[in-house]
Amino acid sequence: MASPLFAALLALLVAVSPAISTNPEGEALHSLRARLKDPRNVLQSWDPTLVNPCTWFHVTCDDRNRVIRLDLGNSNISGPLGPELGRLEHLQYLYIPPPPLELYRNNFEGKIPKELGNLKNLISMDLYDNRLEGEIPKSFAHLKSLRFLRLNNNRLTGSIPRELAKLTNLKVFDASNNDLCGTIPIDGPFATFPYQSFDNNRRLNGPELQGLVPYDFGC
Amino acid sequence: MGPATQRPSFLLLLSVFCAVLTVACGDVPADAVLLLEIKAELLDAGGALRSWYPGGDACRWNGVTCSDDGARIVGLNLSSSGLLGSVPLVLGRLGSLESLDLSSNSLIGKIPPELGTLENLTELLLYSNSLSGGVPPELGSLRKLRLLRLGDNMLSGEIPPQLGNCTELEVLGLAFCRLNGSIPGGLGHLKRLRILNVQRNTLGGAIPVELAGCSELQVLAASDNLLIGGVPPVLGGMGALQILSLANNSLSGAIPAELGGVSSLAYLNLRGNMLRGPISPELNRLSRLGVLDLSENDLSGRITLSTTNLSSLQYLVLSNNSLTGGIPDDLCPTNSSLHNLYLAGNQLSGEALTGLLNCTSLRSLDLSSNSFSGVIPSGVGGLGELVDLVLHNNSLTGPLPPEIGNLSNLQTLSLFHNSLTEGLIPVSLGYCSKLQSLALGDNRLRGPLPPTMDMLTELRILSLYNNSLEGPLPETLVLLRNLTIVNLSHNRFTGGIPPLLGSSSLVLLDLTNNSISGGIPAAVARSRSLARLRLGHNLLGGAIPPELGQLVGLDFLDLSSNSFSGKIPSELSGCKQLNHLLLHGNQFTGTVPSWLGSLRSLGELDLSSNKLHGRIPVELGSCSSLLKLSLHDNSLSGGIPPEIGNLASLNILNLQRNNLSGPIPSTIRHCNKLFDLRLSENSLTGTIPPELGQLTELQVMLDLSRNQLSGEIPPSLGGLLKLERLNLSFNRLQGQVPSSLGQLTSLHRLNLSYNFLQGEVPATLSGFPVASFLGDDKLCGPPLEACSQSQAGKELSNTAVAVIIVAIVFTSTVVCLVLLYIMLRIWCNWREVAVSSSDSEGDERRAGGWSCEDGKTSRSCDYWKVNSMSSTVVSSPRGKKQSQAAAAPCIFHLKMEQEGALEKNSPV
């Protein structure tokens, strides 16, 4: 009895022996990969023994070997959005693709990790056409470089964080086809977004009234 | 149970006699018949049952044990006998069996429930087979059972709670199966249970607190399941427990301090759960603990463990948590027995090694990926037992101390990604003669490699990238015959490649961005396992040796930015595994080889900035995995092959600056993953295919500028909602700017200049600066000058346009003549007038390229819009308007600056 058991226990120990590994951004991506379902093995090139992830396919670095772009839109990749993404601090473009229909249960569902608010260099965040739930993280107010934020066609709930009005660079905001509630901010960039950006949110009550008693009921 | 009725009467008598003698009846000759039935059912590939033959003495048969008096068969042990087939049902009739061992065979099928009738059974061992189905609940009636091991099979279903009735059970082994459900609380009735092993199943639910009733339990192994809930504090009362392994489950909550009360505990493994909170100092009471693994959790707080108390501790693994603070001095004082200390991936800070210098028993130390700072103390030389010293991803400074040479057992030295500076690699490093892995990349080391490097003959990994190391690669490196991974990239090394080729086991050779010169020696190809060869950004030249084609496992070949010349050898077509082929920035001649189409794994192909000519081979369309294709800055001619549409995964396509002609193939619509498409500076003709509008992932750039494209801008381009930069300038595009372009909400830079566009600029594009539309003389409307009515006409037939043009020309000629006449009259009258300069227009023309819409300029664009609108309203259709508009940009630029400054200072 004892010997196979101890062999199994020792195997666990062998697994923790030190190994040469990639840089922190590579580690973040590698632990993200561990969560993802990748039936076509398109992330095969994500070799954590390389010194950085810059030669991994679907990853783009700048000339200082910092990850600026992540394209998972290529094939059948699905899984939860990991908080690891928040460690890619130089990321400029994030596109989480719509899931293939046959992977309905395993797609990028769940909440939007608040850690995405750490991506201070992010220019574009495309999370549309997924099945994301929960609220739009208030931490998005830290995305000072953000120009494009597309969250449409998900199952997001709660109100539109007023903090987003601080995103002075925001040019495109689309939160249509969700289950958001409350009122629509009117400050900052929100003064310019068309009504279509908020379409099809049954419980959304229209623009907030300033100077009056806020009527954020039902949210 | 006995098949007495079918036997001769004397046997019946005998069996009755037996039955009188013992409760469990059995008789050897009758059982022998059963054994022969068993033999018939099994496929005995190994000949283990050769001795079983009819009429033989069953007690002498292989694997058969009889009772001391020779009257009953009490044991059957056919372990590791190479048996195939299913577990014979007949076994259920061997009523006298006390021990049945069929482990480590290749048995398939279900465990027969009939085994539940073998009521004398004390040992049932069926582990390591390929049995499927459930664990039969009938086994619960085996009241004498002490040993039940069914693990390493494909058993599914739940653990039957009836096993709780086997009150004599001492060992229950159900590991490495596919059991689901939860661990039955009824197992807590098993007062004699010593070992419970359910590792590696898919068991869920909580750990039943009833297990605490197993007061004799020594081993509780439930790792690699889906258990949830907390670690039950009652486990702390299990005084006999020696091994507790709950690793790789989904357990949450804190580690109960009560565990500190299990004084017999020798092995505690809770790794890979979701445990939170601090590590209780109560665990220090576990004086017999040899292994403690709490890694891969979310534990926080400071390390409060001490080997002063944990005097037996050899392995301490706390990696990948959220621990903070420094390494306490009493973690490992003198006379400790700690061998392996792994604290990687936490938020630990302070001096890395100072607190551990007395921990002379250490063999393996991993403090990587923390926030440790300070220098590596010279005292590190006292840790003479060290085999692995892993300190990468920290903020260590100072030099690598020469005392490192005292670590004669060292095999791994990993210090990459620190701030090691002030220094050379110490000469004494050569005394670490067992060193296998030397990783000093991403530091600030400088100077040459020490001459003693050649003493490190065991070295397999040499990774020194991103330092300021210099000098020629020493010739003696050729003595390092075991090298597999060599990464010297981003240094200042000079000399040639040959010193690194003493090994024929290279897997990775990366010399990117040094000043390596000479050619590529054919000897590189001796390393048949070479997967990555990166020699980019050096001073290498000559031809690519055809021998590289022998590297059938080559995955990455980067020879970019050197002075390689000649043709791309066809032998490279042998490198079928190539994912990246980067040959850009050289002087390669000849054509783009058609055999590239046979490299089906190719994901990145960059042949840009060479001297390649000829056509783009249609075979490239076969590289269906291609993500990046760059052929720009060559002299390629002919058309873009329609087969480009087969590259359905393509992200980036860059064919700029060649001599390509013909139309843009409409098949390009299939490349719908493209986010960057550049075809500029060629001689492409025909219209812009409307299918381009289907490339909805286009984001970085769509550049078709400086070609000879004609026709209208397809309105479908308005579908490129993510597009940030669009350049169609310097073509022969006609017609109006489609209003759909106004939907390009992401558009950030737009250049439609120098075409033959006409009509009104769509209002939504009026925010772009004039430069976006320069040279399209018939365009009007903001930001350009206002449209006169005829220009604004939108849906007019060609004849109507012609008529209007003629009319305009005629009228304006007349008007001009009249004006000229009036002016002449005025001029004659006053003879003095100021004419504004037209310099500004020239400036705009030279600016040519991009017109930005961001920041300050964007405000100015708005301003410009407002002004031009007001000018439309205010100005009357008089001749003077022309000269006003020509002078306008200059004046407005000044205003823009002021306005921008004002907006900055004043609160919005």
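A residue counts as buried when its relative accessible area is under 20%, as exposed when that value is over 50%, and as partly exposed in between. Keep this in mind during the tour, which moves through a predicted model.

**Stop 1: a cysteine pair in chain B**

Select Cys59(B) and Cys66(B). These two residues form a disulfide, and their sulfur atoms are 1.9 Å apart. The torsion about this S-S bond is about -100°, so the link between Cys59(B) and Cys66(B) is left-handed. Now colour the pair by accessibility. Is Cys66(B) buried or exposed? Cys66(B) has a relative accessibility of 13%, so it counts as buried. Its partner Cys59(B) has a relative accessible area of 24% and is therefore partly exposed.

**Stop 2: another pair in chain B**

Select Cys332(B) and Cys359(B). Here too there is a disulfide, with 1.9 Å between the sulfur atoms. Which hand does the disulfide of Cys332(B) and Cys359(B) have? The torsion about its S-S bond is about 70°, so this disulfide is right-handed.

Next, show the backbone around the two residues. Cys332(B) sits in the loop between strand E21 (322-323) and strand E22 (340-342) of chain B, while Cys359(B) sits in the loop between strand E23 (349-351) and strand E24 (364-366) of chain B. The pair therefore ties together parts that are 27 residues apart in sequence. Cys332(B) counts as buried because its relative accessibility is 0%. Cys359(B), at 1% relative accessibility, counts as buried as well.

**Stop 3: cysteines to check one by one**

If the bonded cysteines of chain B are numbered in sequence order, their pairing reads 1-2, 3-4, 5-6. Select Cys623(B), which is in no disulfide. The nearest cysteine sulfur belongs to Cys671(B) and is 13 Å away from that of Cys623(B). With a relative accessibility of 0%, Cys623(B) counts as buried.

Move on to Cys432(B). Why does the sulfur of Cys432(B) have no bond to the closest cysteine sulfur? That closest sulfur, in Cys359(B), is 19 Å from the sulfur of Cys432(B), which is too far for a bond. Cys432(B) has a relative accessible area of 0%, so this residue is buried.

**Stop 4: a cysteine pair in chain A**

Switch to chain A and select Cys54(A) and Cys61(A). A disulfide joins them, with an S to S distance of 2.1 Å. The link is left-handed, with -90° about the S-S bond of Cys54(A) and Cys61(A). Cys54(A) and Cys61(A) are both buried. Over all chains, a search of the whole structure finds four disulfides.

**Stop 5: where the chains meet**

Show both chains together and select the residues in contact. Chain B brings 60 residues to the contact, and chain A brings 38 residues. About 3700 Å² is buried between chain B and chain A, and carbon and sulfur atoms give 60% of that area.

Zoom in on Lys722(B) and Asp126(A). They form a salt bridge in which the closest N and O atoms are 3.5 Å apart. How many salt bridges are there between chain B and chain A? The count is two. There are also ten residue pairs in polar contact between chain B and chain A, both residues of each pair being at pLDDT 80 or more. To finish, colour the side of chain B that touches chain A by residue class: this side has 24 nonpolar, 22 polar and 14 charged residues.

Definitions and conventions. Residues numbered from 1 in each chain as written. Chains lettered and ligands numbered in written order. Predicted model: local features only at pLDDT ≥ 70, side-chain atom pairs only at ≥ 80, totals over all residues. Heavy atoms only, no water. Contact = heavy atoms within 4.5 Å. Buried area = accessible area lost by both parts, 1.4 Å probe. Salt bridge = Lys/Arg side-chain N within 4 Å of Asp/Glu carboxyl O. Polar contact = N/O pair within 3.5 Å; in protein donor to acceptor, adjacent residues only side chain to side chain. Nonpolar A, V, L, I, M, F, W, Y, C, P; charged D, E, K, R; others polar. Disulfide = S-S within 2.5 Å. Buried < 20%, exposed > 50% of the residue type's maximum accessible area, 1.4 Å probe, protein only. Helix = DSSP H or I, 4+ residues; strand = E, 2+ residues; numbered from the N terminus.
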